[in-house]
Amino acid sequence: MKKGFTLVEMVAVILIMFLISITVIPSILNQVNNKKEEMSETSLLLIKTATNKYLESKPTTYSKTSGNIYYITLNDVVESGELSSPIKDVKTGNEIALTTKIKATVNEYNDYELCLVGIENSCE
C-alpha cells in the first residue's frame, strides 16, 4: 500500500483553505481600514491640539474675540516647535504640505474651532 494523499484529498484540502481565506481576508482588510481611519483621526487631533497651543501662545496676535477668524499654515505651527515635520496623512500615506492652511474661528464661548482648509472632514 502506498503512503501519501490522493488527488481528491489534496483538492479538498485546498478548497477548504480557499473557502476559509475568502471568509477571513475581508474582515482582516476591514480591520486594517478601520485602524487607518482611527489613526487619521488621531493625526488630525494632534494637528489641532498643536495649533491650539500655538494660538494660545500668541494672545496678542490671535485674540479670542467671538467671531474672529484667523488663517495660519502648518509651517507656522511647525516653526513654533508645537509640531514636527513631516506630517503624513495616514489614509493616503502622502505628506501633508506645510503650506496647508488652518482656519481658526473664535466661537461664542471664546474657544477656537479649527479646520484644515482642503482636508475632508477636518472641521470640528
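**Sheet, salt bridges and backbone geometry of the predicted model**

Strand β1 (residues 69-73) and strand β4 (residues 101-106) are paired in the antiparallel sense through five bridges. The structure is a predicted model, in which local features require pLDDT of at least 70 and side-chain atom pairs are counted only at pLDDT 80 or more, whereas totals for chains, interfaces and linings use all residues. Residues are numbered from 1 along each chain as its sequence is written, and side-chain values use heavy atoms, with hydrogens and water left out. Strands (E, at least two residues) and helices (H or I, at least four residues) are DSSP runs numbered from the N terminus, and two strands are taken to pair if DSSP finds at least two bridges between them.

Within the pairing of β1 with β4, Tyr-70 lies opposite Ala-104 of β4, and Thr-73 has Lys-101 of β4 as its bridge partner. On its other pairing, β4 is joined to strand β5 (residues 112-116) by five bridges, and these two strands run antiparallel. Here Ala-104 stands opposite Leu-114 in β5, and Ile-102 stands opposite Leu-116 in β5. Ala-104 is thus placed opposite Tyr-70 and also opposite Leu-114.

Together the three strands make up an open sheet with the order β1-β4-β5 and antiparallel pairing. Because β1 and β5 stand at the edges and have a single partner strand each, one side of each is left without a neighbour in the sheet. From one strand to the next the twist averages 25 degrees (axes are lines fitted to C-alpha atoms, and angles run from 0 to 180 degrees between N-to-C directions). In general, strands of a sheet pair through backbone hydrogen bonds, in either a parallel or an antiparallel manner.

The two faces of β1 can be told apart: Tyr-70 and Ile-72 belong to its covered face, while Ile-69, Tyr-71 and Thr-73 belong to the uncovered one. In a regular strand, side chains alternate between the two faces of the sheet.

Ile-72 also belongs to the surroundings of Tyr-54. Tyr-54 is located in helix α1. With a relative accessibility of 7%, Tyr-54 counts as buried (buried means under 20% relative accessible area, exposed over 50%, and partly exposed in between, with a 1.4 Å probe and protein chains only). Apart from neighbours within four places in sequence, Tyr-54 is in contact (heavy atoms within 4.5 Å) with Tyr-62, Ile-72, Asp-76, Val-77, Ser-80 and Glu-82. Tyr-54 is 60 residues from Leu-114 in sequence, and their C-alpha atoms are 12 Å apart in space.

Two salt bridges are counted, each defined as a side-chain nitrogen of Lys or Arg within 4 Å of a carboxyl oxygen of Asp or Glu. In one of them, Lys-53 is bridged to Glu-82, with 3.4 Å between the closest N and O atoms. This pair links distant parts of the chain, 29 residues apart: Lys-53 is in helix α1 (residues 7-56), and Glu-82 is in the loop between α2 (74-79) and β2 (87-88). Lys-53 is partly exposed at 49% relative accessibility, and Glu-82 is likewise partly exposed, at 28%. A salt bridge also joins the side chains of Glu-56 and Lys-64, at 2.6 Å from N to O. Glu-56 has a relative accessible area of 39% and is partly exposed; Lys-64, at 31%, is partly exposed as well.

The loop between β4 and β5 contains Asn-107 and Asn-110. Asn-107 is buried, its relative accessible area being 11%. Its side chain is joined to that of Glu-113 by a polar contact of 3.3 Å (a pair of N or O atoms within 3.5 Å; within protein, one must be able to donate a hydrogen and the other to accept it, and residues adjacent in sequence count only if both atoms are side-chain atoms). Leaving aside neighbours within four places in sequence, Asn-107 is in contact with Ser-66 and Glu-113. Asn-110, by comparison, counts as partly exposed at 34% relative accessibility.

Two features of the backbone were also noted. In the hairpin of β4 and β5, with five residues between the strands, Asn-110 adopts a positive phi near 60 degrees. Ser-85 and Pro-86 are joined by a cis peptide bond with omega of about 5 degrees, and Pro-86 lies in the loop between α2 and β2. Most residues other than glycine have a negative phi, and most peptide bonds are trans.
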